[in-house]
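Trainee: Got a minute? I'd like to go through how some of the labels on this model are earned.

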Amino acid sequence: MAELSAQIKLAQKLRLKKFRAEFGLFLAEGLRLCEMAPDAEIKFGFYTPDFLASERAIQLVGRLKKIVTMQEISEAAFEKISETKTPQGILLVMRQKLSAPEEVFTKKLIVALDAVHDAGNLGTILRTAEAFSCGVVLLDDSADAFNSKVVRASMGALFNLALTKMPRAEFLALARSSGAEILAAALDSAAEIYFEQDFTKKVAVVFGSEAAGVSPEILGAARKIYIPMSGRAESLNVSAAAAIVISEAVRQRKKFF
């Protein structure tokens with residue numbers, strides 16, 4: 001019982017960024033995410049009696065029990081660690097895993113996120129980037145990739161993505177040394193239409209927050225690009241903008257990365 005209590009308390013702490021950073025752990029919740037979780041990164045998990053209502057759920061718990069400790073807990077106890085409005089009844093405590101910066105920069109298309117704060121947007125971009133084998137760099141002040149909302153929005157992409165984080169100055173240095181051209185989404189008179197760029201070569205594309213855009217430090221070292229629009233909207237959602245640019249790179253190369 002003491003071990004179970006300690007595990008529940010740890011899971012509760014992991015709802016906060018400071019404890020995720022301290023312990024190097026995060027939470028993955030829900031049937032689909034737990035099915036996709038890499039075995040080697042799972043530390044332990046919980047499920048409720050009601051979760052075992054389907055054969056799919058029974059098989060998942062049975063498989064996980066062969067790998068790690070899976071504790072059955074009450075619905076009330078589960079609600080204390082869950083971060084969803086309607087908990088599915090299964091949750092894993094997992095080890096955080098980031099790629100080495102050098103590994104990310106072996107990709108031909110790198111997506112860099114500069115102070116993208118919204119967790120839903122970040123998760124959606126990670127999902128898109130993984131679908132097309134892009135590398136992803138989180139720059140200063142971006143949302144935590146291991147936030148539960150990011151994990152859910154990524155739909156499991158976080159488990160398979162070449163993802164790293166670094167300061168802006170390190171990003172600029174690595175991009176240059178790897179031979180990647182730096183492009184930055186921007187809305188100013190110096191920006192060029194995105195589909196007129198050459199995406200057949202190695203490129204690192206930077207997207208900023210909708211409120212502030214890409215930082216001056218990055219803009220000063222990049223070729224600026226924009227997505228032309230004919231409607232009245234001032235700008236696109238950053239996850240939509242990233243998807244548009246990534247799809248153009250795929251179109252130009254006529255193959256996946």
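Mentor: Sure, just keep in mind that this is a predicted model. Start with contacts: for pairs at least 6 apart in sequence, 81% of contacts in the protein chain join residues at least 24 apart.

Trainee: And what is the chain built from?

Mentor: Eleven helices and eleven strands.

Trainee: Why is the protein chain called as compact as a globular protein of that length?

Mentor: Set the two values side by side: its radius of gyration is 20 Å, and the globule rule gives 18 Å for 257 residues. Those are close, so the label fits. The C-alpha trace spans about 65 × 35 × 35 Å along its principal axes.

Trainee: How much of the chain counts as buried?

Mentor: 51% of the 257 residues. The cut-off is under 20% relative accessible area.

Trainee: Let's try that on one residue. Why is serine 142 called buried?

Mentor: Its relative accessible area is 11%, and buried means under 20%, so serine 142 makes the cut. You'll find serine 142 in the loop between β6 (135-138) and α8 (148-153).

Trainee: What does serine 142 touch?

Mentor: Leaving out residues up to four places away in sequence, Leu113, Asp114, Ala115 and Val116.

Trainee: How do you know that leucine 113 and the side chain of serine 142 make a polar contact?

Mentor: The backbone oxygen of leucine 113 lies 2.9 Å from a polar atom of that side chain. The limit is 3.5 Å, with one atom able to donate a hydrogen and the other to accept it, so the pair qualifies.

Terms used. Residues are numbered from 1 along each chain as its sequence is written. This is a predicted model: local features need pLDDT of at least 70, side-chain atom pairs count only at pLDDT 80 or more; totals for chains, interfaces and linings use all residues. Side-chain values use heavy atoms; hydrogens and water are left out. Helices (H or I, at least four residues) and strands (E, at least two) are DSSP runs, numbered from the N terminus. The radius of gyration is taken over C-alpha atoms; the globule rule is 2.2 Å times the number of residues to the power 0.38. Buried means under 20% relative accessible area, exposed over 50%, partly exposed in between (1.4 Å probe, protein chains only). Contact means heavy atoms within 4.5 Å.
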